[in-house]
Amino acid sequence: MLIFWTQKLVFLATPKAGSSAVETALESLADVALTRPAVLKHASARDFRDHLAPLLSSKTEASFTTVALMREPLDWLRSLYRFRLRDLIEESDISAGYSFEQFARDYIEDPRAGFSDVPSQAAFLCDDEGTPLVDRIFPYERIEDFVHFLEDQLGFAITLPRVNVPPAVETGLAPETEAALRVAMQDDIALYDRVTRALA
């Protein structure tokens with residue numbers, strides 16, 4: 001999370017949606033940078049609303065605009081799998097044979113299996129009713145629009161580096177698994193459709 005006090009702007013770091021690149025480019029320019037531990041770096045929109053927004057409001061009469069990135073849901077899950085697989089490889093050899101197909105099936109389960117038990121993007125960005133708690137959500141796939149927005153708000157040119165890139169691995173799915181996954185991720189898919197339509 002990055003807070004720009006003068007501009008009254010807060011960047012919320014959606015996991016696996018380009019947050020490391022944004023933080024690398026802008027951390028030194030932010031008035032507050034919560035980049036570690038992960039629980040603070042990736043504080044959700046709900047956490048911000050309930051805990052940090054009241055603190056900021058108590059120090060200034062102006063409200064802060066929140067902004068975040070959202071990745072296409074299936075692509076987000078593929079990215080999450082690649083990162084988690086990398087972590088497994090570093091920790092042990094239990095990643096052998098753990099395919100994206102299995103990861104997706106584990107993600108579909110309710111409750112989710114341990115390795116795939118991560119909050120969705122919709123859970124990160126919305127309240128319990130699915131209403132976005134972020135003022136501006138940009139599709140990761142149109143990150144240039146997000147960069148232009150930041151440049152207008154902050155008043156300087158921004159170049160995002162390529163950082164924290166996971167290894168390339170096979171992420172194919174059986175048709176029936178993809179269909180079930182789309183049902184399981186319907187809240188994310190609906191939110192992503194809203195976000196992309198807003199920029200059409």
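**Group meeting: a walk through the sheet, the cores and a helix pair**

Let's start in the sheet: strand 4 (65-70) and strand 5 (136-139) run parallel and are joined by 4 bridges. Strands here are DSSP E runs of at least two residues, helices are H or I runs of at least four, and both are numbered from the N terminus. Two strands count as paired if DSSP finds at least two bridges between them.

A quick word on what we are looking at. This is a predicted model, where local features need pLDDT of at least 70 and side-chain atom pairs count only at pLDDT 80 or more, while totals for chains, interfaces and linings use all residues. Residues are numbered from 1 along each chain as its sequence is written, and side-chain values use heavy atoms, with hydrogens and water left out.

Back to the sheet. Ala 68 has Ile 137 in strand 5 as its bridge partner. The whole sheet is open, with 5 strands in the order 3-1-2-4-5 and mixed pairing. Strand 3 (32-33) and strand 5 sit at the edges, each pairing on one side only.

Moving inward, strand 2 (9-12) is joined to strand 4 by 4 bridges, and these two run parallel. Val 10 stands opposite Thr 66 in strand 4. With strand 1 (2-4) the direction changes: strand 1 and strand 2 run antiparallel, joined by 3 bridges. There, Leu 2 has Phe 11 in strand 2 as its bridge partner.

Which way do the side chains of strand 2 point? Leu 9 and Phe 11 point one way, Val 10 and Leu 12 the other way, and all are buried. Buried means under 20% relative accessible area, exposed means over 50%, and partly exposed is in between, using a 1.4 Å probe and protein chains only.

That takes us to the cores. By nonpolar core I mean a set of buried Ala, Val, Leu, Ile, Met, Phe, Trp, Tyr and Cys residues joined through side-chain atoms within 4.5 Å. The largest one has 21 residues, and Val 10, Leu 12 and Leu 125 have the most contacts inside it. Strand 2, helix 3 (45-59), strand 4, helix 6 (121-125) and helix 9 (186-198) each give two or more residues to this core. Helix 3 provides the largest share, 4 residues. Apart from this core lies another, of 18 residues, with Leu 2, Ala 17, Leu 26 and Phe 146 among them. As background, nonpolar side chains tend to be buried together in soluble globular proteins.

How does helix 3 lie relative to the sheet? Helix 3 lies across strand 1, strand 2 and strand 4, running at about 155° to strand 2. For angles, axes are lines fitted to C-alpha atoms, for helices over the stretch in contact, and values run from 0 to 180 degrees between N-to-C directions. Val 10 shows the packing from the strand side: leaving aside neighbours within four places in sequence, its contacts include Phe 48, Leu 56, Phe 64 and Val 67. Contact means heavy atoms within 4.5 Å.

Now a helix pair. The axes of helix 5 (residues 100-108) and helix 8 (175-184) come within 9 Å and cross at roughly 35°. Among the residues that meet are Ala 104 and Ile 108 in helix 5, and Ala 180 and Leu 181 in helix 8. By class, that contact has 6 nonpolar, 1 polar and 3 charged residues. Here Ala, Val, Leu, Ile, Met, Phe, Trp, Tyr, Cys and Pro count as nonpolar, Asp, Glu, Lys and Arg as charged, and the others, Gly among them, as polar.

In the loop between helix 7 (143-154) and helix 8 we find Thr 171. Thr 171 counts as buried because its relative accessibility is 14%. Leaving aside neighbours within four places in sequence, Thr 171 touches Arg 78, Tyr 81, Arg 82 and Phe 100.

Last, some backbone geometry to check on your screens. Most residues other than glycine have a negative phi, and most peptide bonds are trans. Lys 8, in the loop between strand 1 and strand 2, has a positive phi of about 55°, and Lys 8 is buried at 15% relative accessible area. Lys 16, in the loop between strand 2 and helix 1 (19-26), has a positive phi of about 60°, and Lys 16 is partly exposed at 24%.

Which peptide bonds are cis? The bond from Arg 36 to Pro 37 is cis, with omega near -5°, and Pro 37 lies in the loop between strand 3 and helix 2 (38-41). Another cis bond joins Asp 110 and Pro 111, with omega about 0°, and Pro 111 lies in the loop between helix 5 and helix 6.
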